[in-house]
Structure formats: structure tokens, C-alpha cells
Amino acid sequence: MARLDVVETFHGLFFPGHLHTKDSLQQALQFSFQDSDVLIVSYPKSGTTWLQEIVTLISSKGDPHLSQTVPNWARAPWLEQHYFAALMAASPCAARIITTHLPHHLLGPTLKDSKAKVIYVSRNPKDVVVSFYHFHKMANFLPEAGSFPEFLNRFLEGTLHYGSWFDHIKGWTSQMNNVLHITYEEMSMDIRGAIERLSAHLQSPLLEDELNNCVKHCSFSSMKGNKMANYTLVNREIMDHNKGSFMRKGTIGDWKNMFTKELDTHFKSVFESKMEDCTLEFVWDE
Ligand code: A3P
């Protein structure tokens with residue numbers, strides 16, 4: 001069997017090589033978006049799967065049939081993965097729902113004149129790095145996580161797969177045309193309001209009952225129990241659910257269980273210098 005943790009390098013960034021090839025990454029940058037496309041953009045561990053579920057439910061008017069019968073990666077495929085075209089062609093969704101982790105400096109030019117509806121989901125970076133760390137431990141296609149302090153340094157340096165979190169969020173949020181920026185924390189604290197904001201952006205209004213159904217079926221417990229969203233369908237050689245769950249905790253502030261005082265001080269100094277030119281505010285705590 002081919003090694004799973006093989007790395008693909010593209011424009012100086014690292015990608016999991018069993019999912020990405022130079023060709024598939026290059027093709028992503030040449031993709032022709034249609035105005036009716038919905039594009040979910042995120043840095044890993046920011047709420048991507050949650051957004052895939054919510055967008056599927058909004059486009060199905062709250063009916064959970066699609067989200068409970070088709071895996072998330074087939075109803076909202078990743079643009080940069082090598083089987084994207086095949087999955088997209090087979091997608092049962094009425095509108096094309098596409099997902100990407102690509103940074104804005106690579107994909108922005110492709111989207112420049114497009115009216116595709118883009119949703120950027122972000123999460124406070126301390127929870128992102130903790131979630132990513134645990135994910136590295138169960139995802140055999142990612143490099144060894146190492147110790148948490150080492151992993152945090154790689155996150156702050158931008159040398160983890162998919163590159164720098166700082167470049168990612170600054171790139172996508174400074175280009176707001178057609179981009180709705182939503183946060184994990186906003187969804188966590190007011191899922192109903194978040195779905196209303198998303199359905200308005202997608203120009204897909206929901207009746208009260210439809211909205212109630214969306215809220216119900218995208219809850220953490222519903223998704224944790226939905227094998228079309230919780231990644232338990234993935235081969236154990238790729239994601240080992242004996243080592244941890246993909247739908248792990250789903251909370252705000254889990255970073256407090258991993259950050260020592262020293263790590264927090266180090267994080268803050270890097271964060272302050274890298275985000276100096278950025279006015280975004282973050283919710284760190286419930
Ligand atoms: P944790 O590891 O902190 O639990 P992504 O889909 O971008 O990879 O993000 C995965 C993270 O989103 C995981 O975070 C996962 O538990 C969380 N998540 C997924 N669905 C969620 C939901 N419905 N409610 C809250 N968190 C959710």
C-alpha cells in the first residue's frame with residue numbers, strides 16, 4: 001500500500017499527497033466557477049464539516065435526506081483533491097457546493113470575476129491548533145504530531161499542511177466581495193441566527209419549520225451520530241477512530257486544556273505581531 005503521509009508541495013505549501021497532486025492543485029486554480037456555485041472556504045479545523053452540513057441542509061430546505069445518505073466529501077467535494085471532478089459530476093445536490101482549504105493568494109485570482117457565493121468560516125486560532133493537533137493523532141495521512149509545544153511552533157511558523165493560519169484568515173477576510181465571513185463561535189453561540197445569515201447570503205430563504213429542521217440536524221450530537229458527516233466511513237488506515245474522534249468536542253475554549261502559561265505568552269506575542277494589521281476580533285471563551 002502507498003504511504004499515506006506522503007507530502008505534496010505546491011507554491012511552497014504542504015498538502016497531504018494521497019489526496020492532492022500537483023495536477024489537481026493546478027486544476028483547482030483554473031476552475032471555472034458558476035454564479036450559482038457555493039464555495040465553503042476554511043483553514044482546517046475551523047468548522048468546515050459543520051458548514052458543509054448547514055449548506056446542504058439549507059439547500060434541501062431542512063430535509064436531512066441528502067446529509068444522511070451522502071458523505072460530506074461527496075456532497076461538498078474539495079476543489080483541490082484529485083477526485084474532485086468525478087465527485088462533482090456525481091453530486092446529487094441541485095446547486096454545486098464546493099469546499100476548499102486553499103489560501104486566498106492562490107485561489108483569489110480564479111474567483112476574481114465570479115459571482116459564486118463564498119462563505120469563509122474561521123475559528124479562534126488557539127482552538128484551531130488544539131483541534132488540528134488531536135486530528136494529527138488520528139489521521140494517518142498527516143505527519144506525526146510530536147509534542148504539543150512543537151506542534152504549536154509549527155502552526156505559528158506556518159509549516160503545517162495548508163500553510164499559515166495568519167495568511168489564510170487575513171487573505172480571505174480582506175477581500176470581502178461576495179464573501180460572507182462567519183465564525184465557529186458565532187455558530188456555536190447562535191446557530192439559528194447563523195443559519196439565517198447564511199440562508200440570506202445563499203438567497204435561499206427558509207420557512208420557520210425548515211429553519212428548525214436545519215438547527216436540529218446540524219447540532220453536534222446529530223452530526224456526531226451521522227456517519228455521513230462524522231468520517232467513520234473512512235478506512236481505518238486513513239483515519240483511526242480508535243485513536244480519537246473527528247467529531248471530538250465541538251466546544252469553544254478547549255485550548256485551555258493544552259496551553260500552559262508559557263505557551264500562551266509565546267502564542268500572544270506571535271499573534272500580536274502577525275495580526276498587527278488586522279482588526280478582526282476573536283472569541284476565546286464560552
Ligand atoms: P474539535 O476538534 O475542537 O472538536 P473541520 O470540519 O474544519 O475539520 O473542523 C472540525 C472541528 O469542528 C472539530 O472540533 C469538530 O468537533 C467541530 N465540529 C464539527 N461539527 C460541529 C458541530 N455541529 N458543532 C460544533 N462543533 C463541530
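**Reading helix crossings, phi angles and a core**

Analyst: In this predicted model, helix α7 crosses helix α8 in a right-handed sense.

User: What makes α7 oblique to α8?

Analyst: Helix α7, residues 125-138, and helix α8, residues 148-157, pack with their axes 10 Å apart and at an angle of about 120 degrees. Roughly perpendicular covers 65 to 115 degrees and roughly antiparallel begins over 145, so an angle of about 120 degrees falls in the remaining class, and α7 is therefore oblique to α8.

User: Which residues of α7 and α8 meet, and how do they divide by class?

Analyst: From α7 come Val-129, Phe-132 and Tyr-133, which meet Phe-148, Phe-151, Leu-152 and Phe-155 of α8. By class, the contact of α7 with α8 has seven nonpolar residues, with no polar and no charged ones.

User: Why are α11 and α12 called oblique to each other?

Analyst: The axes of these two helices, α11 and α12, come within 10 Å and cross at roughly 120 degrees. Since this angle lies neither in the 65 to 115 range nor over 145, α11 and α12 count as oblique. Their crossing is right-handed, and the contact is made by Ile-191, Arg-192, Ile-195 and Glu-196 of α11 with Leu-211, Cys-214 and Val-215 of α12. Five of the contact residues are nonpolar and two are charged, with no polar ones.

User: Why does His-11 count as exposed or buried?

Analyst: His-11 has 12 C-beta neighbours inside 10 Å, and because a residue with 12 or fewer counts as exposed, His-11 meets that limit. This residue, His-11, sits in the loop between β1 (7-10) and β2 (13-16). Most residues other than glycine have a negative phi, whereas His-11, which is not a glycine, has a positive phi of about 50 degrees.

User: How do you know whether Gln-203 is buried or exposed?

Analyst: Gln-203 has 8 other C-beta atoms within 10 Å, and because the limit for exposed is 12 or fewer, Gln-203 is exposed. Gln-203 lies in the loop between α11 (191-201) and α12 (208-217), and its phi is positive, about 55 degrees, although Gln-203 is not a glycine.

User: Which residues touch the most other members of the largest nonpolar core?

Analyst: That core has 58 residues, and the ones touching the most other members are Ile-40, Ile-54, Val-55, Ile-58, Ile-119 and Phe-155. Helix α2, residues 48-59, gives the core its largest share, six residues. Leaving aside neighbours within four places in sequence, Ile-58 is in contact with Ile-195, Leu-198, Ser-199, Leu-202, Ser-204, Leu-206 and Cys-214.

Note on methods
Residues numbered from 1 in each chain as written. Predicted model: local features only at pLDDT ≥ 70, side-chain atom pairs only at ≥ 80, totals over all residues. Axes fitted to C-alpha atoms, helices over the stretch in contact; angles between N-to-C directions. Helix = DSSP H or I, 4+ residues; strand = E, 2+ residues; numbered from the N terminus. Parallel < 35°, antiparallel > 145°, perpendicular 65-115°, else oblique. Left-handed = near helix turned anticlockwise from the far one by under 90°. Contact = placed C-beta atoms within 7 Å. Nonpolar A, V, L, I, M, F, W, Y, C, P; charged D, E, K, R; others polar. Buried ≥ 20, exposed ≤ 12 C-beta atoms within 10 Å, placed from the backbone. Core = buried A, V, L, I, M, F, W, Y, C linked by C-beta atoms within 7 Å.
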